[in-house]
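Here is a note for a colleague who is opening this structure for the first time. The points below are meant to be read with the model in view.

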Amino acid sequence: MKKLALHWKIIIGMVLGIIFGFIMNTVDGGKGFVSDWIAPFGKIFINLLKLIAVPLILASLIKGISDLKDISKIKTMGLRTIIIYVGTTLVAIVIGLTIVNTVQPGTGMSQETIEKIKMKYENDAGVTDKLMKASAQKDAGPLQALVDIFPSNIFTALGEAKMLQIIFFALFVGICLLLLPEKKAKPLVSFFDSLNEVVMKMVDLIMLFAPYAVLALMANVIVAFDDTEILVKLLWYAGCVVFGLGLMIGFYLILVSTYTKKSPVWFLKQISPAQLLAFSTSSSAATLPVTMERVEEHIGVDKEVSGFVLPVGATVNMDGTSLYQGIAAVFIMQVIWPEGLTFTNQLVIIVTALLASIGSAAVPSAGMVMLVIVLESIGFPAELLPIGLALIFAVDRPLDMCRTVVNVTGDATVSMLVAKSLGKLHEPKPVEWDDDYPKK
């Protein structure tokens with residue numbers, strides 16, 4: 001009997017989690033039961049993925065760079081990766097601004113609804129936290145993002161999972177290995193090669209738990225939605241974001257079909273477990289190990305390409321987040337600051353959202369922090385910022401789940417494009433968790 005594919009198992013877990021969450025919302029004490037006894041299993045799963053993300057990035061990137069044999073290839077791969085990432089991000093922002101200016105979801109919102117949302121969320125701890133983080137990031141200085149790339153202590157960077165610093169260190173080590181005689185470099189290269197294989201096997205084992213973890217994560221998300229009335233009133237805004245994200249995935253599929261000559265349906269099937277996990281966890285960093293496993297083993301991208309493109313993408317490529325920032329910024333202006341809707345300000349939004357996506361952390365709701373910076377760049381009144389964030393706070397988590405799917409899909413698409421351009425896209429060779437285990 002043919003085994004049920006992983007993506008179907010995850011979808012079943014997701015559906016059961018949603019149903020279970022709605023049932024628990026109607027049961028006295030159901031929310032507490034989910035948060036105390038169900039949600040921890042989802043957190044354990046995310047922790048396991050984060051546990052292996054750092055060693056996976058370190059091992060795969062060092063091994064991939066050392067396998068290039070030629071430093072000039074690093075420049076070629078790096079330039080193509082950054083150019084494509086910037087190009088797709090610009091497309092995402094333009095799509096978002098086009099949709100929100102066409103539909104204008106903020107023009108029809110009543111003053112009564114605005115006041116209700118303001119009263120409920122303006123002083124919410126989540127909104128206050130986003131404002132504080134954005135303020136700290138703004139005050140850091142124009143070149144702080146560049147300074148943050150270079151670690152002073154690699155063990156601190158590894159412990160705190162500072163992705164850009166880890167990527168820099170891995171690139172530095174990989175380049176130095178290329179400059180050494182092969183005989184001297186071989187022991188360390190072999191170590192990281194072996195470490196990479198071990199971590200990929202860990203991914204296979206952790207994914208056995210994925211359907212159950214997704215059930216727990218989705219149930220916890222559902223019980224967290226306690227005001228469906230506000231969600232319904234924000235439906236036009238949320239619909240604009242989801243429609244834009246759908247168009248962005250369509251754009252990726254066109255790139256895959258025209259440039260790599262692969263079937264879009266096949267591509268979606270291969271990457272779907274990573275997409276579903278991205279949706280459940282709202283974190284492209286937590287999903288990174290699964291994305292790398294699907295791209296390497298199920299799509300056929302060489303490790304030396306995926307090991308560079310995907311970790312960089314998880315940090316600097318936030319197409320879904322950029323699209324969301326464009327729509328959210330204009331929506332907020334339509335509702336409470338219509339005089340700011342000038343052509344110049346929208347050009348500033350494009351530039352700032354592009355730069356903000358590079359600095360946006362690959363963690364849940366980081367996009368809202370960057371949204372504050374985007375709004376401040378166009379002179380949005382500071383006293384209205386809490387109200388602006390309150391307007392969209394109720395639907396931020398479900399939209400965050402959706403835009404993380406686009407972020408992960410974009411990373412996988414760019415890895416295919418770069419691999420194809422370098423002749424590093426081959427026939428996939430899927431590996432099961434027990435392939436190397438002796439069969440009786």
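1. A residue is called buried when its relative accessible area is under 20%, exposed when that area is over 50%, and partly exposed in between. By that rule Ala161, at 36% relative accessibility, counts as partly exposed. The model is a predicted one, and the remarks that follow should be read with that in mind.

2. Ala161 is also worth a look for its backbone, since this residue has a positive phi of about 55° although it is not a glycine. Most residues other than glycine have a negative phi. Ala161 is placed in the loop between helix H7 (154-159) and helix H8 (163-179).

3. Gln104 can be read alongside it, with a positive phi of about 50° although Gln104 is not a glycine either. The loop that holds Gln104 runs between helix H3 (71-103) and helix H4 (111-121), and with a relative accessible area of 39% Gln104 is partly exposed.

4. Helix H1 deserves a paragraph of its own. H1 has 21 residues and reaches 31 Å from its first C-alpha to its last, which is close to the 30 Å expected at 1.5 Å a residue. The buried residues in H1 are His7, Ile10, Gly13, Met14, Gly17, Gly21 and Met24. Seen down the axis of H1, these buried residues fall within an arc of 115°, and they therefore line one face of the helix. The cover over the buried residues of H1 includes helix H2 (30-67), helix H9 (182-207), helix H10 (210-224) and helix H13 (264-281).

5. What makes up the nonpolar surface patch of about 710 Å²? Its members are Leu4, Trp8, Ile12, Val15, Leu16, Ile19, Ile23 and Val27. Ile12, one of these, lies in helix H1 (residues 6-26), and Ile12 counts as partly exposed because its relative accessibility is 44%, a value between the 20% and 50% limits.

6. Two other helices are largely enclosed by the rest of the structure. In helix H15 (residues 303-316), which has 14 residues and reaches 19 Å from its first C-alpha to its last, the span is close to the 20 Å expected at 1.5 Å a residue. Of the 14 residues of H15, 13 are buried, so the helix is largely enclosed by the rest of the structure. For helix H19 (residues 385-393) nine of the nine residues are buried, and H19 is therefore likewise largely enclosed. The buried residues of H19 are Leu385, Pro386, Ile387, Gly388, Leu389, Ala390, Leu391, Ile392 and Phe393.

7. Thr352 is found in helix H17 (residues 343-359). Is Thr352 buried or exposed? With 14% relative accessibility Thr352 counts as buried, and, leaving aside residues up to four places away in sequence, Thr352 touches Ile373, Val374 and Ser377.

8. The structure holds eight salt bridges, and three of them are taken up here and in the next two points. Lys63 forms a salt bridge with Asp193, the closest N and O atoms being 4.0 Å apart. This pair links distant parts of the chain, with Lys63 in helix H2 and Asp193 in helix H9, 130 residues apart. Lys63 counts as buried at 16% relative accessibility, whereas Asp193 is partly exposed, with a relative accessible area of 29%. Lys63, Asp67 and Asp193 are linked in a network of salt bridges.

9. Glu304 and Lys424 form another salt bridge, in which the closest N and O atoms are 2.9 Å apart. Because Glu304 lies in helix H15 and Lys424 in the segment after H20, the pair ties together parts that are 120 residues apart in sequence. Glu304 counts as buried at 11% relative accessibility, while Lys424, at 22%, counts as partly exposed.

10. The side chains of Glu427 and Lys262 also meet in a salt bridge, at 3.9 Å from N to O. Here too the pair links distant parts of the chain, 165 residues apart: Glu427 is in the segment after helix H20 (396-421), and Lys262 is in the loop between helix H12 (235-260) and H13. Glu427 counts as exposed, its relative accessibility being 58%.

Key: Residues are numbered from 1 along each chain as its sequence is written. This is a predicted model: local features need pLDDT of at least 70, side-chain atom pairs count only at pLDDT 80 or more; totals for chains, interfaces and linings use all residues. Side-chain values use heavy atoms; hydrogens and water are left out. Patches are made of residues with over 30% relative accessible area and no salt bridge: like charges are joined within 9 Å, nonpolar side chains (Val, Leu, Ile, Met, Phe, Trp, Tyr) within 5 Å. Accessible areas come from the Shrake-Rupley method with a 1.4 Å probe; for residues, only the protein chains shown count as cover. Helices (H or I, at least four residues) and strands (E, at least two) are DSSP runs, numbered from the N terminus. Buried means under 20% relative accessible area, exposed over 50%, partly exposed in between (1.4 Å probe, protein chains only). Contact means heavy atoms within 4.5 Å. The expected span of a helix is 1.5 Å times one less than its number of residues. The arc is that of the directions from the helix axis to the C-beta atoms.
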